[in-house]
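Trainee: I'm new to this one and don't want to skim it. Could you pick a single part and take me through it closely, spelling out the terms as you go?

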Amino acid sequence: MTLLDIDGLKTYYGADDGWVRATDDASLSIERGETVGLVGESGSGKTTLAKSIIRLLPDNAEIVDGSIEFDGTEITELSDKELRRQIRWSEISMIPQNAMNGFDPVYTVGDQIVEVIRHHEDDTSKAEARERGRELFDDLGIDPDRIDDYPHQFSGGMAQRAMIALALALSPSLVLADEPTTALDVVIQDRILETIKEMQEELNSAMIMITHDMSVVSETCDRIAVVYGGRIVELADAETIITNPRHPYTLGLRNAFPDISDDDQELISIPGSPPELVDPGEGCRFAPRCPFAEEECWEVTPQPESYGDGHQVECHRADEIEHLQAEAGKKETWREQDLGDREPVGTADEQAAEAEVRLDD
Amino acid sequence: MSTEQPSPIDSTTTSIGERFASLRQRFEVFEGDRLGQIGLAILALFIFIGIFARPYTIELFDFTISTPGLAPYDPGERAVGDRLESPSVAHPLGTTDMGRDVLSQLIAGTRVTLIVGSLAAFMAVFIGTNVGLISAYFGGWVDDVLMRITDIVYGVPFLPFAIVLVAVLGSSIVNIIVAIVLILWRSTARVIRAQVLSHKQRPYVESAQAIGAGHVRIMYRHILPNVLPLTFLYAAFAVAWAVIAEASLSFLGFGDPNMLSWGEMIYNVYTANAIREAWWWVFPPGICIMLFVMSVFFIGRTLEKEVNPELNHQ
């Protein structure tokens with residue numbers, strides 16, 4: 001059963017020199033209880049995509065086009081008040097990146113959990129809400145007596161757990177986890193992910209996990225959407241993304257993460273930097289950094305093509321999968337000089353030079 | 001917030017117990033803070049003196065409750081002693097040029113200081129905090145309009161403005177408070193605005209939005225408590241400033257003629273040409289102004305810890 005259906009979503013930011021297309025033509029649907037990972041580098045638009053779902057965007061951002069249907073309700077058409085009353089937190093909650101700052105420093109964690117519960121359930125008494133908070137703390141492995149502590153008295157891992165307690169307080173059907181473990185060390189990270197997973201299964205909540213860490217998504221997610229330059233360039237189940245990706249960017253990403261079973265593996269990074277998203281024009285956004293880019297890639301924006309089993313790829317050359325996968329494993333393929341004779345639209349140097357010219361004006 | 005549910009007796013008693021505990025906790029910040037304790041003690045003393053300065057007679061049904069005043073003489077009565085008599089047992093702080101008792105005047109003058117200090121500061125900080133909060137939170141044209149008004153007020157010099165206002169509306173304590181408030185809110189507004197601008201970008205505000213809180217709730221329940229330390233600090237500044245402003249106005253002869261204040265006492269010394277000789281008449285009101293302002297500062301400094309848990313637990 002489909003819980004969330006995003007179709008052709010375009011969320012743009014108004015900037016001085018035009019629209020920044022942070023999310024461009026993204027389509028994604030999520031089933032109940034399912035976990036979908038959004039992977040991509042910083043600035044790829046994954047957070048914008050997730051925040052569009054509860055319309056938690058800065059003032060200069062605008063959902064220009066597309067629809068977000070949540071459980072039969074069109075979110076883009078709700079009034080602010082309806083959104084606040086019916087959707088936010090009670091149906092869709094969020095685990096922010098840095099839990100420590102996500103709490104209001106002047107209230108105890110318990111007060112904030114009670115506030116959240118009572119804000120949405122008028123007939124729940126303070127004592128009941130508090131009891132629920134204590135139970136959640138217990139479930140998440142925090143001493144329930146610490147519910148009366150202030151956020152700054154918590155360690156990073158505990159604060160993150162407390163934030164998860166807050167996010168799950170109303171048993172939402174969808175949780176947006178915005179890099180929930182980025183600020184933590186790997187041991188704590190693993191435990192937190194496990195806890196999230198357990199709680200999620202218990203409540204049968206769906207989850208969108210935003211991260212740039214391939215290992216995190218491969219461990220926790222059913223499906224993975226790879227985001228590049230505001231577009232979902234590849235979408236498939238986790239297994240396929242890890243073992244059999246078709247998009248050159250995903251191939252590159254995979255190269256950049258170590259494989260524990262392969263001790264000789266050399267990590268290969270993708271040259272260049274993320275694309276400029278102000279009026280990017282036609283063509284594949286990855287083309288400037290793609291070792292396999294052809295004439296067509298520069299001129300025509302690739303559309304999602306289906307490769308069975310819900311595997312969708314936005315690439316003109318996705319058909320030549322064997323060739324791409326073979327080449328992508330070699331270090332020479334990703335050398336920067338190999339890109340030398342192409343038009344360097346999106347390279348860091350070019351953008352820096354352009355910025356300087358702008359300053360000179 | 002919805003109203004409290006009617007609860008059984010035992011939970012009522014615990015809630016009273018909790019309330020008492022939280023009240024005690026409120027004063028816990030003063031523990032180990034010598035300056036705060038001194039400030040509290042001085043302020044309490046002034047409040048006590050202010051309340052019981054003059055004798056009261058309260059008629060309640062058949063009862064008549066009367067309390068004796070602290071002032072040994074009527075502060076306005078002439079010739080209770082000789083002219084410019086130096087301190088003695090009968091007149092611990094001597095007498096004025098009219099033969100009035102200085103100690104009695106000093107005690108009676110506490111009231112004006114308390115009224116002006118508390119009312120003017122509360123109103124000024126109330127207006128300033130709201131202007132700053134609304135201005136920063138909504139931004140855009142709201143911010144523009146409110147901040148340009150603040151700019152204009154910043155351009156108005158206090159004394160000439162107050163003198164004109166008091167001259168036009170008449171010199172009463174209400175008009176003096178109005179004049180002080182109309183000028184005093186500006187600095188609070190500016191500082192609170194700056195602080196709110198930074199706070200509204202913080203993740204906890206976004207969390208509150210995600211939770212489904214509306215504008216009013218985010219502004220007053222989430223952002224305001226975070227900027228409250230500054231508000232308290234500026235309230236302390238404002239009390240001090242208001243007391244000094246009232247004293248200045250009174251010293252210049254624009255005080256409320258019906259209510260004797262410390263500033264007016266110094267004005268009287270000055271007009272009586274007695275500053276050089278009657279030290280017992282000049283120093284007490286001056287020292288009282290200083291002590292009062294100081295006590296308020298000490299308390300403001302301590303309160304900052306109460307509202308900011310991070311400071312409290314260091």
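Mentor: Start where two helices touch: Thr150(B), Val153(B) and Tyr154(B) of H4(B) meet Ile183(B), Arg186(B), Ala189(B) and Arg190(B) of H6(B). Here, two residues are in contact if their C-beta atoms, placed from the backbone, lie within 7 Å. Helices (H or I, at least four residues) and strands (E, at least two) are DSSP runs, numbered from the N terminus. This contact of H4(B) with H6(B) has 4 nonpolar, 1 polar and 2 charged residues. For that split, Ala, Val, Leu, Ile, Met, Phe, Trp, Tyr, Cys and Pro count as nonpolar, Asp, Glu, Lys and Arg as charged, and the others, Gly among them, as polar.

Before we go on, two things to keep in mind. This is a predicted model, where local features need pLDDT of at least 70 and side-chain atom pairs count only at pLDDT 80 or more, while totals for chains, interfaces and linings use all residues. Residues are numbered from 1 along each chain as its sequence is written, and chains are lettered from A and ligands numbered from 1 in the order in which they are written.

Back to our pair. H4(B) covers residues 140-154 and H6(B) residues 173-199; their axes are 9 Å apart and make an angle of about 130°. That angle makes H4(B) oblique to H6(B) (under 35 degrees is roughly parallel, over 145 roughly antiparallel, 65 to 115 roughly perpendicular, and the rest oblique). The axes are lines fitted to C-alpha atoms, for helices over the stretch in contact, with angles from 0 to 180 degrees between N-to-C directions. H4(B) passes H6(B) in a left-handed crossing; left-handed is when the near helix is turned anticlockwise from the far one by less than a right angle, right-handed when it is turned clockwise.

Now zoom out to chain B as a whole. Chain B has 11 helices and 2 strands, and from the N terminus on they run α-α-β-β-α-α-α-α-α-α-α-α-α. Of its 314 residues, 40% count as buried, with 20 or more other C-beta atoms within 10 Å of the residue's own (12 or fewer is exposed, in between partly exposed, and C-beta atoms are placed from the backbone). Among the chain B contacts with a separation of 6 or more, 65% link residues 24 or more positions apart.

The UniProt record, an unreviewed entry, lists "transmembrane region" at residues 35-53, 112-138, 158-185, 227-252 and 278-299 of chain B. UniProt positions are in the numbering used here, feature names are shortened, and annotations may be inferred rather than shown by experiment. One of these spans, residues 112-138, is 100% helix and 0% strand, with end C-alpha atoms 38 Å apart. Residues 227-252 are 96% helix and 0% strand, and there the ends lie 36 Å apart. The record also places "domain: ABC transmembrane type-1" (unreviewed entry) at residues 110-300 of chain B; that stretch is 84% helix and 0% strand, with its end C-alpha atoms 20 Å apart.

Another pair worth finding is H3(B), residues 102-138, with H8(B): their axes come within 7 Å and cross at roughly 145°. Here the crossing of H3(B) past H8(B) is right-handed. On the H3(B) side, the residues include Val116(B), Ala120(B), Ala124(B) and Leu133(B), and on the H8(B) side they include Ile223(B), Ala235(B), Val239(B) and Glu246(B). This contact counts 17 nonpolar, 5 polar and 1 charged residues.

Finally, look at where chain B meets its partner. The contact takes 19 residues from chain B and 24 residues from chain A. On the chain B side, H7(B) (203-211), H8(B) (215-251) and H11(B) (309-312) each supply at least two residues. H7(B) gives the largest share, 7 residues. By class, the chain B side has 7 nonpolar, 9 polar and 3 charged residues.
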